[in-house]
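Got the model open in your viewer? Let's walk through it one selection at a time.

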Amino acid sequence: MARLIIDELARSRGMSKSRLQRKAGVTLSMLTRYWNNETESVHLTSMDAIARTLGVRVRDLFADEDPPPQEEIS
């Protein structure tokens, strides 16, 4: 399962949640859900706006919590 790391990326850039919300043009309630990982789905348009505001790619907003699959040794 992937988790969102928007809060970590924003904080590393010295950006608060409210500033990110204003600059990205997304609703505060939606950003709060993403910020706190309290969602099971995301809107790609919103994720794109957040990523652009943070200067990253959309895929950089996610962290993979599952370990990579092990290759079978024969």
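Start by selecting α4: its buried residues pack against β1 (2–4), α1 (6–12), α2, α3 (28–35) and β2 (62–64). Helices here are DSSP runs of H or I with at least four residues, strands are runs of E with at least two, and both are numbered from the N terminus. This is a predicted model: local features need pLDDT of at least 70, side-chain atom pairs count only at pLDDT 80 or more, and totals for chains, interfaces and linings use all residues. Residues are numbered from 1 along each chain as its sequence is written, and side-chain values use heavy atoms, with hydrogens and water left out.

Now show the side chains of S46, M47, A49, I50, A51 and L54, which are buried in α4 (under 20% relative accessible area, 1.4 Å probe, protein chains only). Just past the helix, click on G55, which follows α4 and has a positive phi, near 75°.

Next, add α2 (residues 17–24) beside α4 (residues 44–54): they pack at an angle of about 110°, with their axes 9 Å apart. The axes are lines fitted to C-alpha atoms over the stretch in contact, and angles run from 0 to 180 degrees between N-to-C directions. So α2 and α4 are roughly perpendicular (65 to 115 degrees).

Zoom in on L20, K23 and A24 of α2, which meet A49, I50, T53 and L54 of α4 (contact means heavy atoms within 4.5 Å). The residues of this α2–α4 contact are five nonpolar, one polar and one charged (Ala, Val, Leu, Ile, Met, Phe, Trp, Tyr, Cys and Pro count as nonpolar, Asp, Glu, Lys and Arg as charged, and the others, Gly among them, as polar).

Last stop: Q21, in helix α2. Is Q21 buried or exposed? Q21 is buried, with a relative accessible area of 19%.

Terms used
Angles under 35 degrees count as roughly parallel, over 145 as roughly antiparallel, 65 to 115 as roughly perpendicular and the rest as oblique. Buried means under 20% relative accessible area, exposed over 50%, partly exposed in between (1.4 Å probe, protein chains only).
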